[in-house]
Amino acid sequence: MRESVQAEVLMSFLVSEELSFRIPVELRYATDDPYALRMTFHLPGDAPVTWVFSRDLLLDGVLGPSGDGDVHIGPTGPEELADIAIRLQVGADRALFHVSTAPVVAFLDRTDKLVPLGQERTFGDFEGNLDKALQEILAEENAG
């Protein structure tokens, strides 16, 4: 049985030091993919964009700087419960978002009630999802 939790939060999209605007972002977590969460960004005039990354990355980013690839998450300042900065990168293109900590922590708490941290392996079809992902990667390589 698939179960999920979701929340909508408002994030500030920082276009430059002088320009930012608030956008709705949907956070989603499901038991059928217990290691991952999805963030869907609803930018004005564009189709929604979804990023998938580990729940642990977001949790670690609430507490301190986290991430070493295309997703970097961390507090915006040293004070407890500072806003969270989320930097997404594709090649040379970067997008920076700020979000209040409280709704993110509340969402993470709901995910932990659904699948307690450290018990992800007992949920979902880890091997099946891995096999499916590998098949998709191989199909893309063979098609190109």
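## A tour from strand S4 to the H1–H2 contact

Begin by selecting Thr 50, which is found in strand S4 (residues 49-54); helices (H or I, at least four residues) and strands (E, at least two) are DSSP runs, numbered from the N terminus. What you have open is a predicted model, in which local features need pLDDT of at least 70 and side-chain atom pairs count only at pLDDT 80 or more, while totals for chains, interfaces and linings use all residues. Residues are numbered from 1 along each chain as its sequence is written, and side-chain values use heavy atoms, with hydrogens and water left out.

With Thr 50 still selected, note that this residue is partly exposed, at a relative accessible area of 44% (buried means under 20%, exposed over 50%, and partly exposed in between, with a 1.4 Å probe and protein chains only). Now add Thr 40, which is 10 residues away in sequence but 4.1 Å from Thr 50 in space, C-alpha to C-alpha. The side chains of Thr 50 and Thr 40 are joined by a polar contact of 2.8 Å, a term for a pair of N or O atoms within 3.5 Å; within protein, one must be able to donate a hydrogen and the other to accept it, and residues adjacent in sequence count only if both atoms are side-chain atoms. Apart from neighbours within four places in sequence, Thr 50 is in contact (heavy atoms within 4.5 Å) with Arg 38, Met 39 and Thr 40.

Move next to Gln 89 in strand S6 (residues 84-90), where the residue is buried, with a relative accessible area of 17%. Its side chain makes a polar contact of 3.1 Å with the side chain of Arg 94, and a polar atom of the Gln 89 side chain also lies 3.0 Å from the backbone oxygen of Gly 91. Not counting residues up to four places away in sequence, Gln 89 touches Trp 51, Asp 70 and Arg 94.

Finally, select helix H1 (residues 55-63) together with helix H2 (residues 101-114), whose axes are 11 Å apart. To see the side chains involved, show Arg 55, Leu 58, Leu 59 and Val 62 in H1, which meet Thr 101, Val 104, Val 105, Leu 108, Thr 111 and Asp 112 in H2.

To close, display the whole protein, whose secondary structure comes to 3 helices and 7 strands, running β-β-β-β-α-β-β-β-α-α from the N terminus on. Of the 144 residues in the protein, 33% are buried.

Note on methods: Axes fitted to C-alpha atoms, helices over the stretch in contact; angles between N-to-C directions.
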